[in-house]
Amino acid sequence: MLDDELRRGMYTFIREARRPVTRDEAAAAVGISRKLAAFHLDKLVDAGVLLAGYQQTNRVGRAPKVYEPVGTDIRVSLPPRQLDLLADILLDAVLADGSTARDAALKSARERGRDVGATERAQGRPGRLGAERALTLAAGALNRAGFEPDRSSPTCVRLRTCPFHPLAAKAPEMVCGINHAFVAGVVDGLDTAAVHAVLDPRVGECCVELRA
């Protein structure tokens with residue numbers, strides 16, 4: 001379903017809106033008619049990608065239909081891979097092995113993040129980084145890593161999605177620590193002291209926030 005460019009565009013818009021979206025809004029986002037948008041949106045509902053409802057208004061008449069994303073991960077691989085199983089096994093091993101394994105996992109996460117940040121810096125060649133430019137570069141790198149960053153203000157980037165969400169429910173302290181180490185590593189790789197990764201857990205979002 002999401003291989004279609006129009007459907008993928010509307011789905012992305014709806015995810016980024018963080019609220020129920022009307023057919024008119026979805027149509028405008030990708031530049032098509034409301035009728036065609038309704039066709040594609042209802043196809044995505046039938047496929048289990050979106051949820052549909054009706055917007056409550058004070059006006060007389062039928063309430064407009066609205067759409068929002070389902071609360072589950074959407075992933076496709078052919079043939080099916082069992083990466084979640086592997087991750088679960090490794091997480092169990094870390095939890096069973098005590099502090100040494102946890103320390104190694106956090107160190108590895110920070111180093112991986114540092115590589116991501118250094119690559120982003122090398123590609124952009126930004127020179128000396130102030131807070132706002134550093135946040136922009138970090139947000140780009142973290143978006144590609146699946147964190148769905150939200151620039152809530154010029155001096156703050158909130159990470160809306162935890163890429164390791166299924167595992168975070170099993171071992172939140174461990175997984176949040178890995179998230180924090182990875183994001184802090186990205187900042188290290190960008191070579192800036194103007195931005196810091198801060199633990200700030202919120203329901204339904206990643207536990208990390210980037211602040212100037």
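The exercises below work through a helix, two nonpolar cores and several salt bridges of a predicted model.

Residues are numbered from 1 along each chain as its sequence is written, and side-chain values use heavy atoms, with hydrogens and water left out. In this predicted model, local features need pLDDT of at least 70 and side-chain atom pairs count only at pLDDT 80 or more, while totals for chains, interfaces and linings use all residues.

**Exercise 1. Check the length of helix α3 and find what its buried residues pack against.**

Step 1. Helices (H or I, at least four residues) and strands (E, at least two) are DSSP runs, numbered from the N terminus. The expected span of a helix is 1.5 Å times one less than its number of residues. Helix α3 has 13 residues (34–46), so it should span 18 Å; the end C-alpha atoms are 18 Å apart, which agrees.

Step 2. Buried means under 20% relative accessible area, exposed over 50%, and partly exposed in between (1.4 Å probe, protein chains only). In α3, the residues A37, A38, H40, L41 and L44 are buried. An α-helix has 3.6 residues a turn, so residues three or four places apart point the same way.

Step 3. The buried residues of α3 pack against α1 (5–17), α2 (23–30), β2 (50–54) and β3 (65–69).

**Exercise 2. Describe the nonpolar cores.**

Step 1. A nonpolar core is a set of buried Ala, Val, Leu, Ile, Met, Phe, Trp, Tyr and Cys residues joined through side-chain atoms within 4.5 Å. The largest has 35 residues, and L142, L159, V183 and L210 have the most contacts inside it. Helix α8 gives the most to this core, with nine residues.

Step 2. A second, separate core has twelve residues, including M10, I14, A27 and L44.

**Exercise 3. Place two salt bridges, D88 with K170 and E209 with R211.**

Step 1. A salt bridge is a side-chain nitrogen of Lys or Arg within 4 Å of a carboxyl oxygen of Asp or Glu. The whole structure has 18 of them.

Step 2. D88 and K170 form a salt bridge at 3.0 Å, N to O. D88 lies in helix α4 and K170 in the loop between α7 and α8, so the pair ties together parts 82 residues apart in sequence. D88 is partly exposed at 25% relative accessibility, and K170 is partly exposed at 41%.

Step 3. Between E209 and R211, the closest N and O atoms are 2.6 Å apart. E209 is buried at 5% relative accessibility, whereas R211 is partly exposed at 33%.

Step 4. Salt bridges link R18, R158, D200, R202, E205, E209 and R211 in a network.

Technical notes:
Contact means heavy atoms within 4.5 Å.
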